[in-house]
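Take a walk through this structure, one part at a time. We begin with the ligand, then turn to the domains, a helix and a single residue.

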Amino acid sequence: MNAAPLIIVGAGHAGGRAALTLREQGYDGELLLIGDEAHAPYERPPLSKGVLQGTAELGGYSLSGAAELARLGIEHVAGQGVQHLDVGTRQVQLNDGRRLLYSGLLLATGGSARRLPGMATGWTNVRYLRTHDEALALRASLRGGVRLVVVGGGFIGLEVAASARALGCAVTLLEAGPRLAGRVLPAEVSMALLTLHREQGVDVRLNARIEAFEGAREVTCVRLDDGSRIPCDSVVVGIGMQPNVGLAQAAGLAIGQGIRVDACLRASAPDVFVAGDVCEFRLHPEGPYQRQETWRNAEAQGRHAALNLLGAGLPFQQVPGFWSDQYDHGLQTVGQLGDGPASARRALAGGFLLFYLDNQQRLQGACGWGVGNSVAKDIKLCERLITAGQPLAASQLADPGVALKTLLRN
Ligand SMILES: Cc1cc2nc3c(=O)[nH]c(=O)nc-3n(C[C@H](O)[C@H](O)[C@H](O)COP(=O)(O)OP(=O)(O)OC[C@H]3O[C@@H](n4cnc5c(N)ncnc54)[C@H](O)[C@@H]3O)c2cc1C
């Protein structure tokens with residue numbers, strides 16, 4: 001009798017990468033990639049950048065087209081949600097009622113855009129951005145002269161604001177907190193973002209609290225609790241995402257801020273693995289549980305979970321990292337940025353690098369801000385310095401005359 005197939009739930013970045021890795025690794029059994037979106041797996045970073053600006057097409061950021069999936073014998077069940085998981089009988093049930101047995105399961109269900117709390121739904125010009133289809137709908141609403149209100153000063157809100165300015169929209173950005181991307185970025189970077197967006201003509205309002213949307217079916221004005229009113233044609237809400245844990249939770253799997261896994265990305269049921277934005281994991285046995293909502297994590301965990309589905313039993317290890325592109329500037333982070341001030345700051349032409357050392361003077365994390373891709377090389381070197389784990393002098397990190405490469409060699 002043939003073994004039951006391997007099943008991947010969620011045909012996004014992590015799920016798609018896992019499916020391709022399984023075939024690269026020589027797995028030749030039945031393989032199902034089940035996703036509720038209509039498209040073959042794709043990468044999301046272009047959605048808030050090139051897609052909105054009209055410079056990126058789906059074919060360019062797909063992990064693999066439908067023909068390639070078919071050639072590899074990956075059965076992509078598109079446009080179908082998995083609505084029920086039974087880890088006892090090892091079955092998933094699709095929205096159309098089909099029940100499928102699995103021998104190994106990967107949950108890569110990602111997340112959905114968080115809805116604005118306390119606001120009535122049904123406004124026809126309030127949009128969210130998580131999927132390709134949502135990006136196309138948003139793009140269709142943006143053109144020169146459109147008055148756009150962006151709710152949320154995190155990465156997605158900021159990237160949408162930058163793209164909308166490139167299209168000639170008049171943009172007001174509302175951030176509830178005292179600074180931009182304040183949850184994840186050092187204060188100096190928040191300030192650099194604020195300066196850049198204001199220079200580019202975005203009306204950035206910090207500590208902004210929305211009191212009401214005004215209008216009939218369309219929002220025509222956003223009213224803030226300080227009494228100010230912002231007339232608008234379109235609203236986009238970018239206030240973070242909610243991990244899609246419902247399926248796993250109903251199946252009785254351990255859940256924290258995501259689906260909880262052990263060091264090998266195994267969930268709390270036999271032969272069930274988790275990868276990507278929905279995965280709550282620990283990088284060290286005593287470290288805190290965390291989720292990473294990044295391209296790099298989806299890529300690495302998708303690959304890693306595939307190896308472990310095949311029995312490799314490898315603990316997941318990775319230096320985390322993230323990037324964002326806005327206007328002609330790029331931001332990159334690697335490792336863990338501490339909560340306090342940076343241990344060292346290096347000035348660069350048009351930007352800077354911030355370094356975070358632990359109490360043994362080893363590099364924990366770094367963050368770079370500069371024109372274009374200018375910090376990419378230094379951030380790569382920082383990753384190698386983090387991995388090397390040798391003590392470093394803050395004075396040398398701060399000195400632009402000391403090439404980071406030489407610190408590595410020493
Ligand atoms: C607009 C945007 C811009 C971004 N820009 C950057 C960037 O510049 N840099 C960076 O590092 N990261 C960026 N990211 C983050 C990065 O794209 C994500 O971390 C990554 O896509 C996560 O991959 P994933 O596979 O875990 O989840 P996803 O890619 O979201 O895939 C999950 C898939 O599972 C499907 N699904 C969920 N539940 C079910 C179910 N029950 N049945 C079937 N299918 C289901 C979902 O519909 C989805 O298709 C960006 C994200 C967005 C949205």
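**Around the ligand**

Both domain 1 (6-112 + 241-309) and domain 2 (126-237) contribute residues to the shell around the ligand, so the ligand lies between them. Keep in mind that this is a predicted model.

How many residues surround the ligand? The shell holds 37 residues. The closest are Gly10, Gly12, Arg44, Gly110 and Gly276. Four elements each give two or more residues to this shell: α1 (13-24), β2 (31-35), α9 (295-309) and β21 (321-326). By kind, the shell residues divide into 16 nonpolar, 14 polar and seven charged.

**The domains**

Now step back to the whole chain. The protein chain is divided into domain 1, domain 2 and domain 3 (328-409). The C-alpha centres of domain 1 and domain 2 are 30 Å apart. The two also touch: 13 residues of domain 1 are in contact with 14 residues of domain 2. On the domain 1 side of this contact, helix α2 (residues 50-53) gives the most, with three residues. That side of domain 1 divides into six nonpolar, five polar and two charged residues.

**Helix α1**

Go back to α1, one of the elements that give two or more residues to the ligand shell. The helix has 12 residues, which at 1.5 Å a residue should span 16 Å. Its end C-alpha atoms are 16 Å apart, so the model agrees with the expected span.

Is α1 mostly covered or uncovered? It is mostly covered, with nine of its 12 residues buried. These are His13, Ala14, Gly15, Gly16, Arg17, Ala18, Ala19, Leu20 and Leu22. What covers them includes four strands, β1 (6-9), β2, β3 (74-78) and β7 (104-107), along with helix α9. Both β2 and α9 also appear among the elements that give two or more residues to the ligand shell. Just after α1, Gly26 takes a positive phi of about 95°.

**A residue in a loop**

Finish with Ala263. Where does Ala263 sit? Its place is in the loop between β18 (259-260) and β19 (272-274). Ala263 has 15 other C-beta atoms within 10 Å, so it counts as partly exposed; 20 or more would make a residue buried, and 12 or fewer would make it exposed.

Which residues does Ala263 contact, leaving aside its neighbours within four places in sequence? They are Pro285, Pro315 and Phe316. Take Pro315 from that list: Ala263 and Pro315 are 52 residues apart in sequence, but 4.9 Å apart in space, C-alpha to C-alpha.

Methods:
Residues numbered from 1 in each chain as written. Predicted model: local features only at pLDDT ≥ 70, side-chain atom pairs only at ≥ 80, totals over all residues. Near = placed C-beta within 6 Å. Nonpolar A, V, L, I, M, F, W, Y, C, P; charged D, E, K, R; others polar. Domains from an automatic or database assignment. Contact = placed C-beta atoms within 7 Å. Expected span 1.5 Å × (residues − 1).
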